[in-house]
Structures are given as C-alpha cells and as structure tokens.
Amino acid sequence: MTEGLTWTVYDADTMTQAEIYGEVLCRLGEENPKIVGLSADLANSTKIGKFGKKFPDRFFNVGIAEQNLFGVSAGLAKTGLIPFVSTMAAFTAMRGVEQVRTDICYQNLNCKIIATHAGTSFGSAGTTHHCTEDLAIMRSFANMTVIAPADGIETAKAVKACVDYPGPVYIRIGRGFEPKFYENEDYDFQIGKAIEVNEGTDITLICCGVTVLQAAEAAKFLKENDGLSVRVLNMHTIKPLDEEAVLAAVTDTRRIITFEDHTVLGGLGSAVADVIAASGKGCAFVKVGIPDCYCIVGYPEDLCSHYKLDTDGIIDKVREVMNMDFEEDDDWEDEV
Amino acid sequence: MPVTDQEIRLLHEKACQLRKDIIDITYWAGGAHIGGALSMVEMLILLYYKYMNIDPKNPTWKDRDRMVLSKGHGGVGYAPLLARKGYFDFQDLKEFNKFKSPFGMHLDSLKVKGVDASTGSLGHGLPMAVGMALGARVQKQSWLTYCILGDGECNEGSIWEAAMAASQFKLTNLITFVDRNKLMIDGPTEEVMGLEPFADKWKAFGFIVKEVDGHSFSELSAAIEYAQSEKKGPVVIIANTVKGKGIDFMENQVKWHYGGLDTELVEKAKASVDRMAEQAMNLKN
C-alpha cells in the first residue's frame, strides 16, 4: 500500500468511477515512476488519458488494436514496469482476452487492467458494448485477481491497493452512472476480504459493484417493514474469494442470495456456489444477475430494475427466499 | 564489425552442432516442430554467438538484450541453443515434452532460464517485443530487443497491429526477423494465405526492410549491423530460408513441419547435416 497519500478529496457526487480512477492514477504516477499507462483509442472514455497528459513519455495509445494493447503491456511488465491498461470491458475480456490470458496471466505479469463500461453500464449501446461475461472469463485464469468495486470511492481504494499487489489484476468499473455508496475512504479495504456493510442473521446478500448500494438500501427497508435482519456483504473481490465470509454466512444465516451486474453463469454467484457446495452444509441459495441471454437495451437504471438488481427487485427476492421451505434446525451434526 | 571468415567457420560449427541437437531432442521427445527449428538456426547462432549482450550466469540481468521467439513452436531449436550457451544442462533436454518437464514444446519463460517471453500462440511475440522496446525507452536503457517471427505467423492480425505500433513509436531498439521459409502447416504460404508482396507490406507499415539469405552468416551479419545503426525507424530482416534446412529429406517438405525420427532416420539426418556443414564451410558465407 502506498504510504503518505490521502484520498478523501474526491467529490464522489459528481465524479464517475472512471474519473476518480484517472485522478488516482495520476497521483500514483507521481509517487511511482514504474507506472506506465496504455489504452486503445479510449484514453478519454476510460479517463486514463488524464495520466497520459500528465506523463506523455509513460503513456502509449496503441490505436484500436486490443490484442496488441495487452501484448505490449505484457512486454512492458517484463521490463519491470507496472502497466495500467484501460479499455472497455467487452474489448478486454473478449477481443484481447487471449493476450490477457497467455501473455499476462500465464507469465504472471504485473499488469493492472482497469476495464470500464462493464456489465450493463453502457446499456443503451447494445450487446456489442455490454460485458456481462468478464467476471466469469477473468476468474478462470490462474494468477488473475478480479475486483468489482462498489462505487467511485472504492475504485480509488482498489486502484491504490493493486499497485503493490503482485501479479495481474482486473478491476471492472462502470460507464459513469454509478451512484456512490461510500461517503469517503475511511474504511478498511483489503483485496480478498469481504466487507460487511450491514449486519444480519436471517439472510445474507452477497453483492459486488453497483448492487452493493441497492442491497444495502433493501436491507434497511426490510428491517423497518418486515423486521428482517439482512446481512449484506460487499464482495468486491471475486477472486480470490473471501471463503470465510461465505462460510460464516452459511453458518449464521443459512440463506444466501448473490446479486451481480453480470450473467448468472460463472461470476460472483457461481464463485459463492462453489464454496457453499464444497462446505457440505445445507443452505437456501439463489443467484440473481443477467439470465442466460443477451441483455436488452436501455439505461443502466432501467436494466437494473428489469433484471431485479435494484432495491425493489432485491426486496422481492429476499421475501421469496425467506418463504422457501428450508430446514431451520440449528444442529449441523445431523447433516454432516 | 561484420563477421570474419574465421568467425564464419566457428559459427558453422555451432550451427552444425545445433542441428544435431535438434535431431537428438526430436528423437528423445518422440516428435517436434523440426522443420521450422532448422530454418532459423543461422539467425539464432549469429545473434547468440556474436551480437547479443547476455550473461547466461545471470539470466535476469536487467541490461541484457532480449529475445522474443514469436514463432514459439521453434522451441526445439531454441532450447538446445540456450543449453549450449550455459543457461542449463543440455542433458536436461532429454525431458523435452515429457511428463512434468519444464520443457514443453513451446517454452515457458517462468520455467526455462534464458527465455524472455513465453510464446507458442502465434501473433503474440511481436506485440510483447514492442512492449519490451518501449520499456527500455521509458527507463532510458540501451539494450536491444530481437524478435523472430514465422512467415505463416504473419497471417495473424496482431502482427500488423504491432507493426503499426513499432513504426508509430519509431522503435529503433527493436530488430525484427521473419523466418521466410515459405511453408506453413497446411502447405505453401502463398497457397494457404498469400503474403506477397511481403516486403512491400512491411514497407507500407513503416519498416525499413532488408531481405537476405537467412542461411548466410555474412548477409545476416550485414543486415543486423545495419539495423543496429539505423535510427530512422524499425528494421525488419526478411530471412529467406529453407524449411528443414540441412536435412536433405526434410528440406522444403510440408510434412516435416512436425515429425518424429527413429534411430535410422537420426543417422541419416546427422549425415546430411555433416555434408551441409562441410559445403557451407567451403563457401565461407
């Protein structure tokens, strides 16, 4: 962790995740001459262009050529530099993905990929620009760390943390309409460690990215209106997953729902499911995300509502799972 | 300094040894990408025995010149060269392709000393070499990056993405070779997916092109020295070669892209390599 920097000046009400990322990277670049930046004709959209303007000798725009983008990044990392690479998530996780896997992950290189426009955040652009598969793809690569920050403040925390975190890191952020969840950076963020943003004993909602805010709001509503004690985990790191937090949720609440702006196949929900299944313990479990289809067109907030990832949708899903017929005894011994 | 006649004689001896090593490893492994390994022998020998600034005792020395074997299937030719240079024991290569071996047919930079980049999937090496050359520039270091491409590999779009970038960034600290042996797995390059006019393509992408006989040490040497001193833009050396070079029954044969050898063929192949070396030394190029 870089010492001596404070990250409390962001106006998270007006700055997007990407704008905060651009600002943070500029400051990190002042501290650490090993940081270099790359983009593929999306320097402005991804906001890494801010770093490029400040450090023109340490920034490379390779044009619309994502395979080369990640290959060049690997080469730079091989010389001891720390490349930050930014383009849209769709062109990272799919167009340039073999280079990410074979050049960067296989060689365990110190490349930090900050992918914007992830999930359905570029909703009106249509399927070519949606990226609801990146978590599944990236977490399948050995050596890769996968992070989905809850908002802009957490993006700053994640970007700062990844500089000294060894090996390749993939951080997915949105296009710019992501509401803030954290007021400031005064909380403990550790890669691989879930954050309990709401305590609860009846059910656990495991979330990442934009769903954290929605779940936290739902938990408040359910407390007041249904008298439910809802635990909300901000599982910002999808890999390595905080298995202890999942197992604690199984033991303590025995009902778990995952919410992610991503297909339900292979992402956060699947990662959590693996842990639950391997635990050998019974648990009511539902994954909520984009079903096995290509997301419809629309503004992100409308898509969030359509796919039951907003507060109302989460409330409905919690009530549904609370009504599931599920053995409620406290004794695990008869089930092991 | 261009190669002298005395150096050429020594280099031919090294090339002869490397070809025999390739034969042995192909035999031990039960099969290997032998044709394309044989076509690039002179390039590798000249770079590693005359031009590259390396220290096999310190394979991660930060000021060393880098090599990216973009045609990663040439591992069966590259691994014995590294062994003979002293990066590891040649006998280790008896494990080439074997269970739990550090030596797969495409070499792993985390497992094989002296390998600067893991390659094998075609079209990946030149982009990484571009990154290395940029890395040297950012850090104000004077070492050079060498990259050897296959010609069939130049079907890959990523090669041309990297070529555009090398030219845009004026990478004069990157020296690229194409092993132009004119054959790929499914047949002659011009039948499968034509590359000609090949030199013109590189020129159109902003490269200075040197075309040479890729088995002539004197021609390769002149081209390398030209590339080292050229400061206007990146240089590509198109090395016209013969796939399977040195083994008469493999030369220009599509089927010897990948193959195995029994003891009888090993003897025939080595005899052919000896004849080639004898002729080459008489020609002194």
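**View 1. Helix α13 of chain A lies across strands of a five-stranded sheet**. In this predicted model, helix α13, residues 311-322 of chain A, lies across β8, β9, β11 and β12 of chain A. Its direction makes an angle of about 145° with β11(A). Helix α11 (residues 268-279) of chain A also lies across β8, β11 and β12 of chain A, running at about 150° to β11(A). Strand β11 itself covers residues 255-263.

**View 2. The five-stranded sheet of chain A is open and mixed**. Follow the strands in the order β7-β9-β8-β11-β12 to walk across this sheet. At its edges are β7 (195-198) and β12 (284-290) of chain A, each of which pairs on one side only. On average, neighbouring strands here are turned by 25° against each other, direction ignored. Within the sheet, strand β8 (residues 203-207) of chain A and strand β9 (residues 230-234) of chain A run parallel and are joined by five bridges. To find one of these pairs, start at A:I203 in the view: its bridge partner in β9(A) is A:V230. As background, the strands of a sheet pair through backbone hydrogen bonds, in either a parallel or an antiparallel way.

**View 3. Seven strands of chain A make an open sheet**. The order to trace here is β2-β1-β3-β4-β6-β5-β10 of chain A, and the pairing is mixed. β2 (59-61) and β10 (237-239) of chain A stand at the edges with a single partner strand each, so one side of each has no neighbour in the sheet. From one strand to the next, the twist averages 20°.

**View 4. At one edge of the seven-stranded sheet, β10 of chain A pairs with β5 of chain A**. Strand β5 of chain A takes in residues 145-147, and it pairs with β10(A) in the antiparallel sense over two bridges. Look for A:I147, whose bridge partner in β10(A) is A:T237. Moving on along the chain, a cis peptide bond joins A:K239 and A:P240, with omega of about 0°. A:P240 sits in the loop between β10 and α10 (243-253) of chain A.

**View 5. Chain A meets chain B**. Here 26 residues of chain A are in contact with 24 residues of chain B. On the side of chain A that touches chain B, the elements giving two or more residues are α4 (66-78) and α6 (97-105) of chain A. Helix α4(A) gives the most to that side, with nine residues. Sorted by class, the side of chain A that touches chain B has nine nonpolar, 12 polar and five charged residues.

**View 6. A right-handed β-α-β unit appears in chain B**. The unit is made by β6(B), helix α9 (residues 217-229) of chain B and β7(B). Its two strands, β6 (residues 208-213) and β7 (residues 235-240) of chain B, pair in the parallel sense over six bridges. A handy pair to look for is B:E211 and its bridge partner in β7(B), B:I238.

**View 7. Two loops of chain B hold backbone details worth a look**. In one of them, a cis peptide bond joins B:E196 and B:P197, and omega is about 0°. B:P197 is placed in the loop between α7 (189-192) and α8 (198-204) of chain B. In the other, B:K140 has a positive phi of about 55° although it is not a glycine. B:K140 belongs to the loop between α5 (125-138) and β2 (145-150) of chain B. For comparison, most residues other than glycine have a negative phi, and most peptide bonds are trans.

**View 8. Both chains can be seen whole here, starting with the 13 helices and 12 strands of chain A**. The C-alpha atoms of chain A fill a box of roughly 65 × 40 × 40 Å along the principal axes. The radius of gyration of chain A is 20 Å, which agrees with the value near 20 Å for a compact globule of 336 residues. Chain B has 10 helices and seven strands, and its C-alpha trace spans about 50 × 40 × 40 Å along its principal axes. For chain B the radius of gyration is 18 Å, which agrees with the value near 19 Å for a compact globule of 285 residues.

**View 9. The start of chain A has low confidence values**. How high is the mean pLDDT of chain A? The mean is 94, and 93% of the residues of chain A reach 70 or more. Over residues 1-6 of chain A, however, pLDDT stays under 50, and the model has 10 contacts beyond four places in sequence for this stretch. Where pLDDT is low, the predicted coordinates should not be read in detail.

Technical notes. Residues numbered from 1 in each chain as written. Chains lettered and ligands numbered in written order. Predicted model: local features only at pLDDT ≥ 70, side-chain atom pairs only at ≥ 80, totals over all residues. Pairing = 2+ DSSP bridges. Helix = DSSP H or I, 4+ residues; strand = E, 2+ residues; numbered from the N terminus. Axes fitted to C-alpha atoms, helices over the stretch in contact; angles between N-to-C directions. Contact = placed C-beta atoms within 7 Å. Nonpolar A, V, L, I, M, F, W, Y, C, P; charged D, E, K, R; others polar. pLDDT = per-residue confidence, 0-100. Right-handed = clockwise from strand over helix to strand, strands pointing away. Rg over C-alpha atoms; globule rule 2.2 N^0.38 Å.
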